[in-house]
Amino acid sequence: MDKFDLEDPLTSLDGHQSDTISALFSSESDHMPSYNYFQCLKTSDFYVSFRQEAISLILQAQYSSNLDPYTQYLAVNYMDRFISWQEIPQGNPWIVRLLVIACISLAAKMKEIHFSFSDFQRDEGFMFDPPAIQRMELLVLDALNWRMRSITPFSFITFFVSLFQLKDPPLTQALKDRATNIIFQARNEINLLEFKPSIIGASALLLACHELFPLQFPSFETSVLSCEYVNEEKVMECFNEMQEMVNNEMSESIVDMVSSSSSMRTPVSVLDCHCSKSENEGTNSTMAATVTPENREIKRRKLKGFCNQSSTMKISQFQSCE
């Protein structure tokens with residue numbers, strides 16, 4: 001089996017390029033979570049929390065296991081698709097950890113990279129034996145119908161970029177790099193799960209173009225929206241969702257920078273402010289507001305990875321949910 005490339009998932013497909021492109025668009029729905037999953041995430045706090053914790057654990061693998069972002073993205077794809085077809089019993093917090101290990105392991109195998117079960121589990125504070133992990137891998141494979149060469153937004157980047165007819169390779173690469181970053185960022189957004197990979201890929205490229213080449217954006221937009229494979233309404237809807245996502249992320253970054261800058265003020269700065277109070281009491285409240293950092297709640301899920309032997313033995317109970 002050839003090494004899996006997210007940008008070219010159909011490398012084993014013989015035929016002309018046009019046939020490959022057509023196959024991508026016709027098959028992409030088979031590599032998406034079910035529509036019911038998107039609706040469930042909008043109404044169920046349990047599945048929202050489960051997904052958030054799973055993604056947090058998968059992203060932690062870049063530190064403990066040195067996984068690249070593409071492998072992590074593939075693992076999230078497996079996880080979302082699995083949850084959408086497999087009922088998850090509540091009250092068993094160890095399940096999310098076992099599922100994450102299985103999805104990362106399968107993604108690493110597809111990418112032909114090394115993934116150490118023991119290193120990842122040791123850093124995260126829980127431990128499953130290899131047979132348990134292998135059983136969960138089989139559950140995931142079965143739920144996904146063994147469709148592991150996932151068609152993702154990255155699979156459509158090259159095709160849509162070709163529609164722009166850019167002549168300068170560095171500019172083309174800059175456009176692809178920014179679109180790639182947007183796609184990685186969109187991975188966490190529940191509202192974007194309803195869109196097909198091709199729609200997400202097209203929207204990410206349009207947003208990247210809007211940021212980098214605003215003068216050329218109208219012509220790029222026309223090229224994408226006139227493509228026979230895309231739904232214009234869906235592209236624009238996805239584009240707007242992505243633009244809001246990026247704007248919110250930028251606003252949060254600015255707030256973090258301001259908060260960090262304020263908290264780094266020296267004692268001398270505070271003393272100066274205190275002294276000015278005696279000089280001009282009327283301005284005290286304004287100056288205090290400048291010095292005091294904004295109290296901003298930061299929600300961070302602290303993963304308490306605890307799994308004892310009895311938890312491992314409950315895997316057979318999870319298998320009964322097939």
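A residue is called exposed when its relative accessible area is over 50%, buried when that value is under 20%, and partly exposed in between. Keep those cut-offs in mind as we walk through this structure, which is a predicted model.

Let's start with the loop that joins helix α7 (130-143) to helix α8, because Asn145 lies there and, at 52% relative accessibility, counts as exposed. Trp146 sits in the loop between α7 and α8 too. With a relative accessibility of 58%, Trp146 also passes the cut-off of 50% and so counts as exposed. The backbone deserves a look here as well. Most residues other than glycine have a negative phi. Asn145, however, has a positive phi near 55°, and Trp146, which is not a glycine either, has a positive phi of about 60°.

Now step back and take in the whole chain. The protein chain is built with 16 helices and 0 strands. Of its 322 residues, 44% are buried. If you consider contacts between residues at least 6 apart in sequence, 81% of them join residues at least 24 apart. On the outside, the chain exposes about 17400 Å², and carbon and sulfur atoms supply 50% of that area.

Following the loop onward brings us to α8, which covers residues 157-164. Which residues of this helix are buried? They are Ile157, Phe159, Phe160, Val161 and Phe164. Just after α8 comes Gln165, where phi is again positive, at about 55°.

Val161 also leads us to the next helix, α9. Thr172 is found in α9, which spans residues 169-186. Is Thr172 buried or exposed? Its relative accessible area is 17%, which is under 20%, so Thr172 counts as buried. Setting aside neighbours within four places in sequence, Thr172 is in contact with Val161 and Leu166. Val161 is itself one of the buried residues of α8.

Helix α8 has another partner to visit, helix α11 (residues 217-225). Two packed helices are described by the angle between their axes and the distance between the axes. For α8 and α11 the angle is about 125° and the axes are 9 Å apart, so the two helices are oblique to each other. Their crossing is right-handed. On the α8 side, Phe160, Leu163 and Phe164 take part, and they meet Phe220, Ser223 and Val224 of α11. Sorted by class, this contact has 5 nonpolar residues, 1 polar residue and no charged ones. Phe160 and Phe164 are worth finding on your screen, since they appear in the contact with α11 and are also among the buried residues of α8.

For a second helix pair, turn to α3 (residues 45-64) and α5 (residues 94-111), which pack at an angle of about 45° with their axes 10 Å apart. That angle makes α3 and α5 oblique to each other, and they cross in a right-handed way. From α3, the contact draws on Phe50, Glu53, Ala54, Leu57, Ile58 and Ala61, while α5 brings Ile95, Val96, Arg97, Leu99, Val100 and Ile104. The contact of α3 with α5 contains 10 nonpolar residues, no polar ones and 2 charged ones. Which residues are the charged ones? They are Glu53 of α3 and Arg97 of α5, because Glu and Arg count as charged.

Note on methods. Residues numbered from 1 in each chain as written. Predicted model: local features only at pLDDT ≥ 70, side-chain atom pairs only at ≥ 80, totals over all residues. Heavy atoms only, no water. Helix = DSSP H or I, 4+ residues; strand = E, 2+ residues; numbered from the N terminus. Buried < 20%, exposed > 50% of the residue type's maximum accessible area, 1.4 Å probe, protein only. Contact = heavy atoms within 4.5 Å. Areas by Shrake-Rupley, 256 points an atom, 1.4 Å probe, with all protein chains shown as cover. Axes fitted to C-alpha atoms, helices over the stretch in contact; angles between N-to-C directions. Parallel < 35°, antiparallel > 145°, perpendicular 65-115°, else oblique. Left-handed = near helix turned anticlockwise from the far one by under 90°.
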